[in-house]
Amino acid sequence: MPSLNFMTGEDPLSLDRIRSVLTRLEDTIIFSLIERAQFAHNPRMYQRGAFKELRDFGFQGSWLEWFLKEIETFHAKARRYQSPDEYPFSSDLPEPVLPPLDLPAILFPNKINANPSILSFYICAIVPRITRRATLSLSAKKRAQGIIGSEEYEDDGNYGSSATLDVEVLQSISKRVHYGKFVSEAKFTQNPAAFIPHIRSRNRKALEDLITKPEVERQLLVRLQKKATTYSEDVVSDSELPVEGKCSRKIDVDGVVDLYESYIIPLTKEVEVDYLLCRLDGLSEEEVDALSKSKGP
Ligand SMILES: O=C(O)C(=O)C[C@]1(C(=O)O)C=C[C@@H](O)C=C1
């Protein structure tokens with residue numbers, strides 16, 4: 001199945017098409033995690049005010065927040081956040097230097113931005129887990145050099161490289177999670193009458209039950225396990241034989257699966273439900289009535 005973005009192709013609300021984008025983003029997320037896992041945890045990068053050099057020019061946030069702000073400032077000028085599948089982590093960004101693109105209005109107007117939750121679970125749960133391997137091999141190297149001390153084990157000083165990769169991981173997870181809005185719009189449009197009573201009664205549980213597809217989730221997790229296993233192995237040529245017992249993975253495969261199971265899928269569902277909850281905002285009774293009677297595409 002071809003993987004298209006929301007702009008291309010015939011039916012922007014085809015669930016198959018939207019799911020093909022989600023599948024492609026799995027690769028982006030796994031590869032960016034593998035890259036980040038080559039560096040140490042570097043916890044200092046996530047602590048607000050930890051760098052005197054940033055405080056000196058008046059920036060009070062963390063090293064990562066500084067990276068996000070600088071990168072997003074530039075990307076905002078290039079219209080990145082006018083696209084309905086792109087959301088910034090920083091606020092007070094500049095206006096684009098180009099006039100707005102004439103994008104088709106696929107989504108219902110909304111202000112949902114799940115990035116604060118993404119940033120928080122990424123820093124608290126993901127970075128410490130995926131960098132464990134890098135930290136262990138780093139400490140083995142240091143031990144071999146006779147350097148022993150708690151600091152060396154988790155800080156390799158590569159703050160620029162690590163933060164660049166953090167931004168890549170965060171942007172790909174953010175895109176994936178916010179694609180939940182397209183999934184939700186597609187499901188709503190297929191059968192508005194099923195959703196409208198629960199939207200009106202603000203019944204989150206009923207809406208979540210309607211959008212949940214256990215078999216799709218199960219298949220996703222199986223596929224992800226296979227992908228993460230394959231991508232994290234070193235490929236050897238015909239003449240090289242893998243050394244027995246020396247298969248060192250580039251990333252903790254279970255960590256990747258857990259990231260999806262515990263964070264990415266639940267947060268995508270939260271975005272789907274939040275989107276549905278504002279799906280009737282500003283519509284008149286007559287418009288909602290007409291929607292209720294429409295049978296979808
Ligand atoms: O594919 C869908 O129908 C989705 O809603 C996306 C998704 C996911 O996050 O991957 C979320 C909820 C469903 O239970 C299945 C999968």
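# A guided reading of an all-helix model

Buried residues account for 27% of the 297 residues in the protein; a residue is called buried if 20 or more other C-beta atoms lie within 10 Å of its own, exposed if 12 or fewer do, and partly exposed in between, with C-beta atoms placed from the backbone. The model is a predicted one, in which local features need pLDDT of at least 70, side-chain atom pairs count only at pLDDT 80 or more, and totals for chains, interfaces and linings use all residues. Residues are numbered from 1 along each chain as its sequence is written.

The secondary structure comes to 13 helices and zero strands. Here helices (H or I, at least four residues) and strands (E, at least two) are DSSP runs, numbered from the N terminus. Along the sequence the pattern therefore reads α-α-α-α-α-α-α-α-α-α-α-α-α. Two residues are said to be in contact if their C-beta atoms, placed from the backbone, lie within 7 Å. Of the contacts between residues at least 6 apart in sequence, 72% join residues at least 24 apart.

Three pairs of helices show how such elements pack. For each pair, axes are lines fitted to C-alpha atoms, for helices over the stretch in contact, and angles run from 0 to 180 degrees between N-to-C directions. Angles under 35 degrees count as roughly parallel, over 145 as roughly antiparallel, 65 to 115 as roughly perpendicular and the rest as oblique. A crossing is left-handed if the near helix is turned anticlockwise from the far one by less than a right angle, and right-handed if clockwise. In sorting residues by class, Ala, Val, Leu, Ile, Met, Phe, Trp, Tyr, Cys and Pro count as nonpolar, Asp, Glu, Lys and Arg as charged, and the others, Gly among them, as polar.

The pair α3 (63-77) and α7 (residues 159-178) has axes that come within 10 Å and cross at roughly 60°. The two helices are therefore oblique to each other, and their crossing is right-handed. On the α3 side the contact is made by W63, L64, F67, L68 and I71, and on the α7 side by Y159, A163, D166 and V167. These residues divide into eight nonpolar, no polar and one charged.

Helix α9 (residues 192-200) packs against helix α10 (residues 204-211) at an angle of about 155°, with the axes 8 Å apart. This angle makes α9 roughly antiparallel to α10, and α9 passes α10 in a left-handed crossing. A194, F195 and H198 of α9 meet A206, L207 and L210 of α10. By class, this contact has five nonpolar, one polar and no charged residues.

The third pair is α8 (residues 180-190) with α12, whose axes are 8 Å apart and whose packing angle is about 50°. That angle makes α8 oblique to α12, in a right-handed crossing. Helix α8 contributes G180, K181, V183, S184 and F188, while α12 contributes T268, K269, V271, E272, Y275 and L276. The contact has five nonpolar, three polar and three charged residues.

Helix α12 also takes part in the surroundings of the ligand. A residue is near a molecule if its C-beta atom, placed from the backbone, lies within 6 Å of it. The ligand is surrounded by 13 residues, the closest being T212, K213, V216, I265 and T268. Residue T268 thus appears in this shell and also in the contact of α8 with α12. Helices α1 (15-36), α11 (214-231) and α12 (253-277) each supply at least two residues of the shell, and α12 gives the most, with four residues. The shell divides into six nonpolar, two polar and five charged residues.

The loop between α3 and α4 (115-130) deserves separate attention. Most residues other than glycine have a negative phi. R79, which lies in this loop, has a positive phi of about 80° although it is not a glycine. With 17 C-beta neighbours inside 10 Å, R79 counts as partly exposed. D92 is found in the loop as well, and has a positive phi of about 55° without being a glycine. D92 is exposed, because 8 other C-beta atoms lie within 10 Å.

L101 also has its place in the loop between α3 and α4. With 10 other C-beta atoms within 10 Å, L101 is exposed. Not counting residues up to four places away in sequence, L101 touches R79 and Q82. L101 and S83 are 18 residues apart in sequence and 8.8 Å apart in space, C-alpha to C-alpha.
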